[in-house]
Amino acid sequence: MNLKDPVIATYAISASIMLLKIMGQGWITVYRMMKVGGGFLNPEDKNKGLANPKPRPGQLDADDYVERSRRMHRNDVENILPFLGAGLLFALTNPPLLAAQMLLYGFILARAGHFIAYINGWSHEIRATFFTIGSIIIIGMAIYTIIHTIA
Amino acid sequence: MNLKDPVIATYAISASIMLLKIMGQGWITVYRMMKVGGGFLNPEDKNKGLANPKPRPGQLDADDYVERSRRMHRNDVENILPFLGAGLLFALTNPPLLAAQMLLYGFILARAGHFIAYINGWSHEIRATFFTIGSIIIIGMAIYTIIHTIA
Amino acid sequence: MNLKDPVIATYAISASIMLLKIMGQGWITVYRMMKVGGGFLNPEDKNKGLANPKPRPGQLDADDYVERSRRMHRNDVENILPFLGAGLLFALTNPPLLAAQMLLYGFILARAGHFIAYINGWSHEIRATFFTIGSIIIIGMAIYTIIHTIA
């Protein structure tokens, strides 16, 4: 686990970029809650304060503008977090650098496409295609790790 | 962190199997959405397309057949992902191989039991028993890591 | 990745403590469901049994006492799990021990504050402040990892 190893470095960079993505999604949710002044989850969030300058009824109701960001966040949890584990194990198998770059950076591209398709409400097909590419990369890395470790 | 170390190899194999499980749960949700043609989450998913050949009212309503898979997925997120971290740290403590195999493969068996009980809607008690075994393994590995590292 | 390295040891201890926190949140949800005899998620949980000694109508309805713990759990998933990844990568950059201790143990303190503010229903501002500190630590470690690895 040496960051000077090119494969480990590729993993560290791609994992860190995806970590910034998932944390950023939380902040997009915060931004959207502040912008619409709603979509809050907790009763105490209805109180007037810096985070809620204009209390009004219905602030705990689901707001699709906010919920979309929460759905994107959940999708990140279900894909980016497994990627952190699968990518680490794959990197430990000492794969060819080019293969590691294609899979690890390819995952970033797939998730970037998923993000753009999701936040803009593009068709289910486009969003699902990007999701599928990312999912197959994780599954492929996990299978490769098992085969490499057993063999 | 050498995959030729038997304990690290045990971790890599068990973590990869659990990664395949959690990614597979996402695909079970997809399969169930396609099968019932509903349980969708996004307004754009109502549009006719490959993923939705037969648009009809109510496709965004919660469907328990689909929601069950989402609840299973959430449970995986709350247990399998912590396992990836706790198992890695535990493996780094250089534990006896037999103990590592019992805990790491034991976790897989507990989650397999949880999956079977959950997808078939078996009683709360059975499902909770398998959940508890898995949870205790994670908690035990985390406590062991703290004690081993401080001592 | 040697637990005798003080930075790696700091990571192992802080990550294990946060793992105990996230697993404990699941048990708080279980405790709350048992206490109110409600907030269940699955139809089969309505059946009489050890986990549900007193069946009654409405046991699948959302119960805010239980839901608060689930929201806290979701927040842990979105923050503690990324911390496990970001902290590991940061530790691999071989940072000064004091910086590692401040960031990794600082994250624990921020999440402890978040937990206390959330479970007691304190104001949005206080809860958000602790959330922000934890989030910035993760983001900072991820950015540092990228810069250190590329440079």
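The following exchange concerns how copies and helices are arranged in a predicted model.

Guide: In this predicted model local features need pLDDT of at least 70, side-chain atom pairs count only at pLDDT 80 or more, and totals for chains, interfaces and linings use all residues. Residues are numbered from 1 along each chain as its sequence is written, chains are lettered from A in the order in which they are written, and side-chain values use heavy atoms, with hydrogens and water left out.

Visitor: Why are chains A and B said to be related as by a three-fold rotation axis?

Guide: With copies superposed by least squares on the C-alpha atoms of residues with pLDDT of at least 70 in both, a rotation of 120 degrees with 0.0 Å of shift along its axis brings chain B onto chain A at an RMSD of 0.0 Å. The two copies are thus related as by a three-fold rotation axis.

Visitor: What makes α2(A) and α2(C) roughly parallel?

Guide: Helix α2 (residues 64-92) of chain A and helix α2 (residues 64-92) of chain C pack at about 30 degrees, and angles under 35 degrees count as roughly parallel, so α2(A) and α2(C) are roughly parallel to each other.

Visitor: How do you know that α2(A) and α3(A) are roughly antiparallel?

Guide: The angle between α2(A) and helix α3 (residues 97-119) of chain A is about 175 degrees, with their axes 11 Å apart; since angles over 145 degrees count as roughly antiparallel, α2(A) and α3(A) are therefore roughly antiparallel.

Definitions and conventions: Axes are lines fitted to C-alpha atoms, for helices over the stretch in contact, and angles run from 0 to 180 degrees between N-to-C directions. Helices (H or I, at least four residues) and strands (E, at least two) are DSSP runs, numbered from the N terminus. Angles under 35 degrees count as roughly parallel, over 145 as roughly antiparallel, 65 to 115 as roughly perpendicular and the rest as oblique.
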